[in-house]
Amino acid sequence: MSTPTAQRPVFQPKVTAAAVFGTTVEWYDFALYATAASLVFNKLYFPGGDPLVGTVAAFGTFAIGFLGRPLGGAYFGELGDRKGRKHVLVVTLLLMGIATTGIGLLPTYGSIGVAAPLLLTLLRFVQGFAAGGEKTGALILLFENAPARWRGLLSSLPAIGTGMGTLLSTGAMTIVSTTLSQQAFLDWGWRIPFLLSAVLTLFGLWVRRSLGETEDFQQELKRQAREEAARPDRAGRASWRQRLAKSRFVESWRKYPKEMIIVICAGAAENCGYYIFGTFSVAYAQDAGLATGPVLTGIMAVSVVKLASVPLFGALSDRWGRRPVSILGATVMAAACYPFFRVLDTEQPWLVLLALLVTLGIGQSAVLGAQPAFFAELFSTKVRFTAVGVANNIGTVLTGGLAPLLASSLLLWFGHSIAGVVIFLLLTCGITIVTVAVARETRVRHESVRPAAETAVG
């Protein structure tokens, strides 16, 4: 007998730990590459004359990882919707750990030549492929176990894992870069945080070992079994076209085309803001000859703040609605984007921290806290994993994964002026504001969540 969503406990330690701890390990691996792209890979794997050109090349492989995310979202989404959420969450974590440890063991350009950046790109792609299923699976795990009136809060908790992962990866890289000499750091020190991934991955797998399937998914399996039993037997094996037509990927686009577009566009401000303010800012400081210490320290401090701010905004979305909180966050980032870089120019640690608190701790956190439940509420249980995984990852590629590469390129094209980057940020914030504004509110107070075709789109 199923448990009504209103009677489900708000806090479920085993489920929460499996989602948050696993995402922490996964995002430690994924975020670690972003920091290394600014500090290490541009020198050891993409050597050249202009350091900024090497940074652009390093961020190019960073973007390659994001190209793997929609593929991972489609593959693991189909797997998760058919076989179960737990299986996907174990596989994605293991795959990410193997790729990250491999980066830590990879010879440099000086040792094996052009094979080094090629292998680095391949491993980054594997990271992206795994990440395509991880975050979606974690938020759906919590969403499908949550009481209806607390879905915003609980669905935002995987973002704690992304924040903790970013904190750990930035902290590990900061420790080795500041305690070792520059030469020792480039020779071998940078590898230490990557090799730690093997230990963290084993820990994450241990946390998820006893994870069960969500009750919503179990009920969906029973419903599908009844439908299959009622159908007449059909001899012969289905063709690949028939299997494709029945796939969750095709069904998502066929039944929920408007909702898929909403998910792709709604996260533009959050995706771009995170990678511009939290990743590209380090490269900007290096290019301008500024100290990177205050930026890295500020990013770590804000990662701690986000452990509280993201769930807070998730809870506010349960009271105010998903739309107002998302629009608030995008508006804050749009208003702060130009002052942010002017503050970085001061090299004043407390001002840099304040700028990061406004942009990441408030603006990006508001969008990040409100949208996981918003996305999940758009789709039925049958296609939820696939639909959210594919659409959200496509949006992440277009407005997040390419953001550091585009920002570095714009910095070159505009003669090291920040004007092009600011315009880019304003455009992505505008996309989020307009998209969310034209969508109907998905937050509900009653026990069941109606399908997106009825509630989500105006």
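A residue is called buried here when its relative accessible area is under 20%, exposed when that area is over 50%, and partly exposed in between. The model discussed below is a predicted one, and with that in mind His416 is a convenient place to begin, since its relative accessible area of 42% falls between the two cut-offs and the residue therefore counts as partly exposed. His416 lies in the loop between H19 and H20, and its backbone has a positive phi of about 65°, although the residue is not a glycine.

The two helices on either side of this loop also carry a feature of the surface. Leu412, Trp413, Phe414, Ile423 and Leu427 form a nonpolar patch there, and together they present about 540 Å² of accessible area. The elements that contribute two or more residues to the patch are helix H19, which covers 403-413, and helix H20, which covers 419-438. Among the patch residues, Ile423 has its place in helix H20, and with a relative accessible area of 46% it is partly exposed, because that value lies between the 20% and 50% cut-offs.

From the patch one can follow helix H19 back to Pro404, which is also placed in that helix. In contrast to Ile423, which is partly exposed, Pro404 is buried, with a relative accessible area of 0%. The C-alpha atom of Pro404 is separated by 8.8 Å from that of Ala283, although the two residues are 121 residues apart along the chain.

The packing of helices can be taken up next. H14 and H19 pack with their axes 9 Å apart and at an angle of about 40°, and H14 and H19 are therefore oblique to each other. The crossing in which H14 passes H19 is right-handed.

H14 also has a relation to helix H15 that can be described in the same terms. The axes of helix H14, residues 268-287, and helix H15, residues 293-320, come within 10 Å and cross at roughly 165°. Because angles over 145 degrees count as roughly antiparallel, H14 and H15 are roughly antiparallel to each other. Here the crossing in which H14 passes H15 is left-handed, whereas the crossing of H14 with H19 is right-handed.

A second residue with an unusual sign of phi for its type can be set beside His416. Glu347 has a positive phi of about 60° although it is not a glycine, and it is found in the loop between helix H16, residues 322-344, and helix H17, residues 349-376. With a relative accessible area of 36%, Glu347 is partly exposed.

The charged side chains form another layer of the description. Side chains of opposite charge can pair when their charged atoms come close. In this model the count comes to 11 salt bridges, and a few of them can be examined individually.

One of these pairs lies within a helix. The side chains of Glu251 and Lys255 meet in a salt bridge, at 3.1 Å from N to O, and both residues lie in helix H12, residues 248-255, four residues apart, which is about one turn of the helix. The partners differ in their exposure, for Glu251 is buried, with a relative accessible area of 5%, whereas Lys255, at 47% relative accessibility, counts as partly exposed.

Another pair joins separate parts of the chain. Arg322 forms a salt bridge with Glu377, in which the closest N and O atoms are 2.6 Å apart. Arg322 lies in helix H16 and Glu377 in the loop between H17 and helix H18, residues 384-401, so the pair ties together parts that are 55 residues apart in sequence. Arg322 counts as buried at 1% relative accessibility, and Glu377 is likewise buried, with a relative accessible area of 2%.

A further salt bridge links Arg342 with Asp345, the closest N and O atoms being 2.6 Å apart. Arg342 is partly exposed, with a relative accessible area of 32%, and Asp345 counts as partly exposed at 29% relative accessibility. Beyond such pairs, salt bridges that share partners join Asp81, Arg85, Glu144 and Arg384 into one network.

Conventions:
Residues numbered from 1 in each chain as written. Predicted model: local features only at pLDDT ≥ 70, side-chain atom pairs only at ≥ 80, totals over all residues. Heavy atoms only, no water. Patch = residues over 30% accessible without salt bridge, like charges linked within 9 Å, V, L, I, M, F, W, Y side chains within 5 Å. Areas by Shrake-Rupley, 256 points an atom, 1.4 Å probe, with all protein chains shown as cover. Salt bridge = Lys/Arg side-chain N within 4 Å of Asp/Glu carboxyl O. Buried < 20%, exposed > 50% of the residue type's maximum accessible area, 1.4 Å probe, protein only. Axes fitted to C-alpha atoms, helices over the stretch in contact; angles between N-to-C directions. Parallel < 35°, antiparallel > 145°, perpendicular 65-115°, else oblique. Left-handed = near helix turned anticlockwise from the far one by under 90°.
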